[in-house]
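Me: Please take a close look at one part of this structure and describe how it is placed among its surroundings. A single connected account would serve best.

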Amino acid sequence: MTTIVTYPENDTTDPVAIRREPAGTISAGSGPALDIRPLSGAIGAEIRGVDLKRPLPPETYGEIRAAWLRYKVVFFPGQHLSPEEHRSFAAQFGELTPAHPVIPGIDGYPEVFEIDYGRARELYASYGDLTRRRSSAVSWHTDVTFVQRPPAGSVLNAVVIPPSGGDTLWTNQVAAFEALSPAFQEFLSTLTAVHDGGAQFSELLRHRNENVDADTGEGGAEWDGEAFAALTPVEHPVVRTHPETGERSLFVNAGFTSHIAGLEPAESQALLTFLHQHSTSPEFTVRYHWTAGDIGFWDNRATQHSVVGDFGDQARVIQRVTIRGDVPV
Ligand SMILES: O=C(O)CCC(=O)C(=O)O
Ligand SMILES: [Fe+2]
């Protein structure tokens, strides 16, 4: 059973240290209850009392999976996972995808996608005015919705975190949907939206597919076990039903949803602007302040997220592994 522990406000002792069993004593069925603390009224919880470097005992796995579905993003402070351990942790929750449909993984780990913000800044700077776009404060999105089967979940490893800034925000797209009037919910449920990764990734895809090894055919972009040859826009329902919880959520995002199918452009734009502002309203969100070594694990079917671009020139590197998802319905 999942135990939710709340601590008295004035308790200055470290509750985690008290609860944590010595390494090696956690085993199936007899381990200590996980310590799960919600981080906001809408979304997010911090989980302590588990070592993610080890395979999860079945009971612990069940508790983490339930917390992931319930809180939609869960954080595990101080795990310091290697790429190998990161991948093994994520693989317990489902089949892993390649790092990204367009961008290759890090050396030796084709499933591990890295964002080194310092390197990205240099690249953008070399393209001139894109520097300004890079520093836009927030860029809300759901990961990889421009494919037929977007990831079910994403696991982020905070590798290099600046001393100040560089938090990440998440929003609960179930709560955002439920806050709408029944009439508007009903209207939205009749719609589909187009998701398009072309603006962000078509140059990169062209470059990657030009560099396929002529002899082995290796090195090309791949997703869902097939070569990823073109960024053909896809359609997803505007309101999706979660395959595990049955909850209905908004499934449009500011990063990749280009328009609502069947509406006039002005109607589509007005609707998406409204949905974007509504979804990212503070009452549906959580903001996480990272320390290097933390792990964050979100349900990509029911959330959007965005790094906060407030860390200037400071180094920040994250690595991410994604879990294969279903076709949204
Ligand atoms: O850098 C971050 O905090 C989040 C980056 C991101 O969008 C992702 O890992 O999917
Ligand atoms: Fe993302």
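The part in question is strand β5, and a request and a reply follow.

Me: Which residues does β5 span, how is β5 paired, and what surrounds it?

Reply: The model is a predicted one, and the following account rests on it. The protein contains nine helices and 17 strands. Of its 329 residues, 36% count as buried. Among contacts with a separation of 6 or more, 79% are between residues 24 or more positions apart.

Strand β5 covers residues 153–160. Seven of its eight residues are buried, so β5 is largely enclosed by the rest of the structure.

The pairing of β5 involves strands β15 and β17. With β15, residues 295–299, β5 is joined by five bridges, and the two strands run antiparallel. With β17, the pairing is again antiparallel and extends over seven bridges. Val155 illustrates both relations: its bridge partner in β15 is Phe297, and its bridge partner in β17 is Val321. As a general point, side chains in a regular strand alternate between the two faces of the sheet.

The strand β5 also contributes to the surroundings of ligand 1. The residues around this ligand are Ile115, Asp143, Ser154, Leu156, Thr168, His305, Val307, Ile318 and Arg320. The elements giving two or more residues to this shell are β5, β16 (303–307) and β17 (317–323). Strand β17 is thus named twice in this account, as a pairing partner of β5 and as a contributor to the ligand shell. By class, the shell has four nonpolar, three polar and two charged residues.

A further link runs through Ile295. Apart from neighbours within four places in sequence, Ile295 is in contact with Leu52, Phe75, Phe76, Gln79, Leu81, Val155, Leu156 and Asn157. Leu156, included in that list, is also one of the residues around ligand 1. Ile295 is in turn among the residues with the most contacts inside the largest nonpolar core, together with Ile47, Val73, Val74, Val238 and Leu250. That core has 55 residues. A second, separate core has eleven residues, including Phe146, Val147, Ala221 and Phe256. In soluble globular proteins, nonpolar side chains tend to be buried together.

Val238, one of the residues with the most contacts in the largest core, leads to another region. Phe187 and Val238 are 51 residues apart in sequence, and their C-alpha atoms are 10.0 Å apart. Phe187 belongs to helix α7, residues 182–188. It counts as partly exposed because it has 14 C-beta neighbours inside 10 Å.

An open sheet of three strands may be set beside the pairing of β5. Its order is β10-β7-β13, with antiparallel pairing. The edge strands, β10 (234–237) and β13 (257–260), each pair on one side only. The twist averages 35° from one strand to the next. Three bridges join β7, residues 192–195, to β13, and His195 stands opposite Thr257 in β13.

Pro237 lies in β10. It counts as partly exposed because it has 19 C-beta neighbours inside 10 Å, whereas a residue is buried at 20 or more. Beyond its neighbours within four places in sequence, Pro237 is in contact with Thr192, Phe251, Pro328 and Val329. Its C-alpha atom is separated by 9.5 Å from that of Ile260, 23 residues apart along the chain.

How values were computed
Residues are numbered from 1 along each chain as its sequence is written. Chains are lettered from A and ligands numbered from 1 in the order in which they are written. This is a predicted model: local features need pLDDT of at least 70, side-chain atom pairs count only at pLDDT 80 or more; totals for chains, interfaces and linings use all residues. Helices (H or I, at least four residues) and strands (E, at least two) are DSSP runs, numbered from the N terminus. A residue is buried if 20 or more other C-beta atoms lie within 10 Å of its own, exposed if 12 or fewer, and partly exposed in between; C-beta atoms are placed from the backbone. Two residues are in contact if their C-beta atoms, placed from the backbone, lie within 7 Å. A residue is near a molecule or strand if its C-beta atom, placed from the backbone, lies within 6 Å of it. Ala, Val, Leu, Ile, Met, Phe, Trp, Tyr, Cys and Pro count as nonpolar, Asp, Glu, Lys and Arg as charged, and the others, Gly among them, as polar. A nonpolar core is a set of buried Ala, Val, Leu, Ile, Met, Phe, Trp, Tyr and Cys residues joined through C-beta atoms within 7 Å. Two strands pair if DSSP finds at least two bridges between them. Axes are lines fitted to C-alpha atoms, for helices over the stretch in contact, and angles run from 0 to 180 degrees between N-to-C directions.
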